[in-house]
Amino acid sequence: MSEAIRILPATDAAIDEAAALLRAGQLVAFPTETVYGLGGDATDDRAVAAIFAAKGRPSFNPLISHLPDVAHARELALFTPLAEKLAAAFWPGPLTMVLKRRPDCPVSHLACAGLDTIALRVPAHPVAKRLLEAVGRPVVAPSANPSGRVSPTSAAHVAEGLAGRLALVLDGGPCAIGLESTVVDASGDRPVLLRPGGVTLEALEQVAGPVITPKSDPDAPTSPGQLASHYAPALPVRLKATEVRPGEALLAFGPALPGAAVTLNLSETGNLEEAAANLFALLRALDRPGLAGIAVMPVPEAGLGLAINDRLRRAAAPR
Ligand code: TXA
Ligand code: MG
């Protein structure tokens with residue numbers, strides 16, 4: 001039996017109601033251009049704790065604070081020249097910056113997992129922007145899925161994982177990008193890539209010069225939230241498949257391999273943007289009982305392929 005969940009089309013009235021619920025300490029899921037977020041008032045420790053509880057998330061994993069514009073973001077953190085440059089180039093959009101908290105930053109320390117840094121993002125989705133303006137406070141929002149599971153790119157995905165655990169889902173249709181934001185530490189002179197995502201490494205380097213990555217520097221820090229097993233479907237996932245084994249479902253990229261029990265294609269034409277937008281929805285759709293596993297065809301390590309392969313490796317990691 002599925003638990004009740006309220007899903008409303010994201011009209012002005014629904015957004016106002018969602019803002020009132022958030023201000024009252026309730027949790028609301030809302031669309032962004034990357035994935036749906038499970039939102040709570042970032043200044044309310046109890047709302048933040050409720051998010052961790054709803055997701056079953058390890059509490060050492062800090063959350064991103066969402067703001068309607070860069071001016072509000074500057075009130076929470078110390079902006080470096082690098083941060084200003086990145087904000088001008090990529091906000092609003094799928095970039096999250098980690099910066100030093102201002103001493104008077106009102107965001108819950110629980111949301112930042114006790115760190116003296118804070119992750120900030122200004123989303124581009126019009127519903128997210130209107131909601132954040134209406135709330136008038138920073139809103140923390142991890143992806144609206146139980147911890148470790150596939151991220152939601154539609155209101156129905158949110159309902160599958162979190163029914164009974166939140167007050168309302170604002171339905172703004174499917175997410176255009178379909179992959180989480182790129183997380184960059186911008187507290188120093190050079191950007192450090194903490195999580196690949198919707199903004200590509202190439203685009204970052206064009207704006208900010210060489211980016212420090214775990215590859216360019218094995219000692220570079222990665223996001224505390226980068227657990228090896230994450231985004232995991234129930235079925236085993238096999239990467240870089242060049243043939244299909246008996247009983248397997250196939251997640252194809254480009255012309256599909258023959259012989260699969262079920263085949264879904266990230267992008268028949270090999271388009272990485274289309275593949276990113278489809279990734280989480282297709283992983284969910286293939287995750288059905290009775291199949292031996294999910295074989296995934298190779299995806300090139302360029303552009304959005306970096307973030308796609310990062311998520312696929314986590315989906316395939318030993319649990
Ligand atoms: O696209 C997105 O970013 C979505 C939408 C809803 O905005 N949100 C999202 O949040 O993906 P979440 O909680 O699933 O991922 C947050 C990431 C984690 O990898 C976390 O470790 C990192 O941001 N992070 C947050 N605060 C940090 C900090 N102070 N230092 C380093 N990494 C941090
Ligand atoms: Mg997540």
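Hello everyone, let's start with one pair of residues: Asp41 stands opposite Val139 in E7. Asp41 belongs to strand E3 (residues 37-41), which pairs with strand E7 (residues 139-140) in the antiparallel sense over two bridges. Two strands pair here if DSSP finds at least two bridges between them. The names come from DSSP runs numbered from the N terminus, with helices (H or I) of at least four residues and strands (E) of at least two.

A word on the model before we go on. This is a predicted model, in which local features need pLDDT of at least 70 and side-chain atom pairs count only at pLDDT 80 or more, while totals for chains, interfaces and linings use all residues. Residues are numbered from 1 along each chain as its sequence is written, chains are lettered from A and ligands numbered from 1 in the order in which they are written, and side-chain values use heavy atoms, leaving out hydrogens and water.

Back to our two strands. Helix H2 (residues 45-55) lies across E3 and E7, and runs at about 155 degrees to E3. Axes are lines fitted to C-alpha atoms, for helices over the stretch in contact, and angles run from 0 to 180 degrees between N-to-C directions.

Now, what order do the strands of the sheet with 10 strands follow? The order is E1-E8-E2-E3-E7-E4-E6-E5-E9-E10, in an open sheet with mixed pairing. At its edges are strand E1 (7-9) and strand E10 (192-195), each pairing on one side only.

There is also an open sheet of four strands, with parallel pairing and the order E11-E14-E12-E13. Here strand E11 (237-238) and strand E13 (262-265) are the edge strands, each paired on one side only. Strand E12 (residues 248-252) runs parallel to E13, and four bridges join them. Look for Leu250, which stands opposite Thr263 in E13.

On to helix packing. Helix H4 (residues 81-90) and helix H7 (residues 201-208) have axes that come within 10 Å and cross at roughly 125 degrees. That angle makes H4 oblique to H7; angles under 35 degrees count as roughly parallel, over 145 as roughly antiparallel, 65 to 115 as roughly perpendicular and the rest as oblique. Who makes the contact, meaning heavy atoms within 4.5 Å? From H4 come Leu82, Lys85, Leu86, Ala89 and Phe90, and from H7 come Ala203, Leu204, Val207 and Ala208.

Just after H4, have a look at Pro92, in the loop between H4 and strand E5 (95-100). The peptide bond from Trp91 to Pro92 is cis, with omega near -5 degrees. Further along, in the loop between E5 and strand E6 (117-121), sits Ala113. Its phi is near 55 degrees, a positive value in a residue other than glycine.

A second helix pair is helix H8 (residues 272-286) with helix H9 (residues 305-316), packed at an angle of about 25 degrees with axes 9 Å apart. So H8 is roughly parallel to H9. Among the residues making this contact are Leu272 and Phe280 of H8, and Ile308 and Arg311 of H9.

Finally, how many salt bridges does a search of the whole structure find? The search finds 14, a salt bridge being a side-chain nitrogen of Lys or Arg within 4 Å of a carboxyl oxygen of Asp or Glu. One joins the side chains of Glu17 and Arg6, at 2.7 Å from N to O. This pair links distant parts of the chain, 11 residues apart: Glu17 is in helix H1 (residues 12-23) and Arg6 in the segment before E1. Thanks for listening!

Definitions and conventions
Contact = heavy atoms within 4.5 Å.
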